[in-house]
Amino acid sequence: MVMDSYTIHPLRVGSALRPKEQTPIGAEPELEEGPIIAYYVEGRGHKIMVDTGGAAPDGVRWMPYMRKEGETPDEALAKLGIKPEEIDTVIITHMHWDHSGNNALFPNAVFYVQKREFEHWSKPENQVPRDFDLETAFVKEYTLADGDCEILPGISVILATGHTPGMQCVVVDTDECKYTIMSDLILKFRFWEEKPRLLKDAGYDSDTYARFVKKADALNGKVLPGHDPEVFSRQKSYPER
């Protein structure tokens, strides 16, 4: 059966300790556990991954980083009855280690990333080990998107440069509304739902951040944040099935 619209399934593919947003300026950052999330999108005859999570924790890189039993991307997909080789499309929001670390797992997929993101990380001087893993990110060839564009019918991307030079959000048509997978532009639901929406990422200046948030808001849909455990507790899928 081919669905006319898409359904989005969040996959928890690990956790990392990150600074709490409310840590006072000048204080030692207080850490909290945040999920690493990839999204599986299915519909219109397509099986799509938005991001691939981080490579297996090795106790050295990107610590504190952990992955529990059942949280590898293939295990997470297996819970939905999906095998990695069935994935036909992978959209990488940006090439940080926790978003592009399992690219080799999807042998039959066409990979998409923004052109300016690819060009930035292709330069050796930009390959900062704390942010980027050359071996996992570049294990696949990429089709390069150039700004806001449609990837597949009902699946489009919008450029949101700042967190990285070519970060993109992914807009998915569902039979409920448009959902925008915000990645690291919006880390948590409350950052979107609070008013005014305050800048949370040092990679953006306030004007640029406001412009990209306004672009997503103009879609009159809903958002899915980049690292919020509430993604899993609010619903099992978006829209709920």
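The following questions and answers walk through a predicted model of one protein chain.

User: How many helices and strands are there in the protein chain?
Analyst: The chain is a predicted model, and its C-alpha atoms fill a box of roughly 55 × 40 × 35 Å along the principal axes. The elements in the protein chain are six helices and twelve strands.

User: What radius of gyration does the protein chain have, and what does the globule rule give for 241 residues?
Analyst: The chain is as compact as a globular protein of its length, because its radius of gyration is close to the value from the globule rule. Residues 24 or more positions apart account for 65% of the contacts with a separation of 6 or more. The radius of gyration is 17 Å, and the globule rule gives 18 Å.

User: What percentage of the 241 residues in the protein chain is buried?
Analyst: A residue counts as buried when its relative accessible area is under 20%. The chain exposes about 11400 Å², of which carbon and sulfur atoms supply 51%. Of the 241 residues, the buried share is 51%.

User: How many disulfides does the count come to?
Analyst: A disulfide needs two cysteine sulfur atoms within 2.5 Å. For Cys 169 the nearest cysteine sulfur, that of Cys 149, is 13 Å away, and for Cys 177 the nearest, that of Cys 169, is 15 Å away, so neither Cys 169 nor Cys 177 meets the cut-off of 2.5 Å. The count of disulfides comes to zero.

User: Is Cys 169 buried or exposed?
Analyst: Buried residues are those under 20% relative accessible area. Cys 177 falls below that limit at 16%. Cys 169, with a relative accessible area of 1%, is buried.

User: Which parts of the chain does the pair of Phe 118 and Tyr 142 tie together?
Analyst: The structure holds eleven aromatic pairs, and one of them joins Phe 118 and Tyr 142 in an edge-to-face arrangement, 6.0 Å centre to centre with 65° between the planes. Phe 118 is partly exposed, with a relative accessible area of 27%, whereas Tyr 142 counts as buried at 12%. Because the two residues lie in separate elements, the pair ties together parts that are 24 residues apart in sequence, namely helix H2 (residues 115-121) and strand S7 (residues 142-145).

User: Which residues form one aromatic cluster with Phe 118 and Tyr 142?
Analyst: Phe 118 and Tyr 142 are themselves an edge-to-face pair. Both belong to one aromatic cluster, whose other members are Phe 111, Trp 121, Phe 132 and Phe 138.

User: Why is the pair of Tyr 204 and Phe 212 edge-to-face?
Analyst: Tyr 204 is buried at 4% relative accessibility, and Phe 212 is likewise buried at 4%. Their ring centres are 6.5 Å apart, and planes over 60 degrees apart count as edge-to-face. The pair is therefore edge-to-face, with its planes at 75°.

User: Which charged residue sits over the ring of Phe 212?
Analyst: Elsewhere in the chain, Arg 234 lies over the face of Phe 189, at 3.9 Å from the ring centre. Over the ring of Phe 212, the charged end sits 4.8 Å from the centre and belongs to Arg 211.

User: Where is Thr 161 found?
Analyst: Thr 161 counts as buried at 18% relative accessibility. Leaving aside neighbours within four places in sequence, Thr 161 is in contact with Arg 116, Gly 166, Met 167, Tyr 204, Thr 208 and Phe 212. Its place is the loop between strand S9 (155-159) and strand S10 (168-173).

Terms used
Residues are numbered from 1 along each chain as its sequence is written. This is a predicted model: local features need pLDDT of at least 70, side-chain atom pairs count only at pLDDT 80 or more; totals for chains, interfaces and linings use all residues. Side-chain values use heavy atoms; hydrogens and water are left out. Buried means under 20% relative accessible area, exposed over 50%, partly exposed in between (1.4 Å probe, protein chains only). Rings of Phe, Tyr and Trp (its six-membered ring) pair if their centres lie within 6.5 Å; planes under 30 degrees apart count as stacked, over 60 as edge-to-face and the rest as tilted. Helices (H or I, at least four residues) and strands (E, at least two) are DSSP runs, numbered from the N terminus. A charge sits over a ring if NZ of Lys or CZ of Arg is within 6 Å of the ring centre and within 35 degrees of the ring normal. The radius of gyration is taken over C-alpha atoms; the globule rule is 2.2 Å times the number of residues to the power 0.38. Contact means heavy atoms within 4.5 Å. Accessible areas come from the Shrake-Rupley method with a 1.4 Å probe; for residues, only the protein chains shown count as cover.
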